[in-house]
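User: I'm new to reading structures and would like a close look at just one part of this one. Could you walk me through it and link it to what surrounds it?

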Amino acid sequence: MQVFNVQGMSCGHCVRAITQAIQAKDPAASVRVDLGAKEVGIESRLSADEVISLISEEGYGVKLV
């Protein structure tokens, strides 16, 4: 599992936006979001760079932990 620190997440809409962005490119991806810790855990065939790009496109600051 890759874990990312994502700044700007605050609600269920944020969780859905990130989850949908990842699963649009990898429908089998597992996405776990911890709003309190501002972390997103992803099990996917996508590379870390691809995930960072997808989350950034949704308007969030993101880095690999």
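Analyst: Let's start with D26, which is buried in this predicted model: its relative accessible area is 5%, so it falls under the 20% cut-off. Where does D26 sit along the chain? It's in the loop between helix 1 and strand 2. As for company, leaving out residues up to four places away in sequence, D26 touches S44, R45 and L46. With S44 there's also a polar contact, side chain to side chain, of 2.6 Å.

Now step back into helix 1, which covers residues 12-25. With 14 residues at 1.5 Å each, helix 1 should span 20 Å, and because its end C-alpha atoms are 20 Å apart, the two values agree. Its buried residues are C14, A17, I18, T19, A21 and I22. A bit of background helps with that list: an α-helix has 3.6 residues a turn, so residues three or four places apart point the same way. What do the buried residues of helix 1 pack against? They meet strand 1 (2-7), strand 2 (30-34), strand 3 (39-43) and helix 2 (48-57).

I22 is a good one to follow further. Setting aside neighbours within four places in sequence, I22 is in contact with A29, V31, I42, L46, V51, L54 and I55. Notice L46 there, which D26 touches too. I22 also belongs to the largest nonpolar core, a set of 18 residues in which V6, I22, I42, I55 and Y60 touch the most other members. Strand 1, helix 1, strand 3 and helix 2 each supply at least two residues of this core. In soluble globular proteins, nonpolar side chains tend to be buried together.

Note on methods:
Residues numbered from 1 in each chain as written. Predicted model: local features only at pLDDT ≥ 70, side-chain atom pairs only at ≥ 80, totals over all residues. Heavy atoms only, no water. Helix = DSSP H or I, 4+ residues; strand = E, 2+ residues; numbered from the N terminus. Expected span 1.5 Å × (residues − 1). Buried < 20%, exposed > 50% of the residue type's maximum accessible area, 1.4 Å probe, protein only. Contact = heavy atoms within 4.5 Å. Polar contact = N/O pair within 3.5 Å; in protein donor to acceptor, adjacent residues only side chain to side chain. Core = buried A, V, L, I, M, F, W, Y, C linked by side-chain atoms within 4.5 Å.
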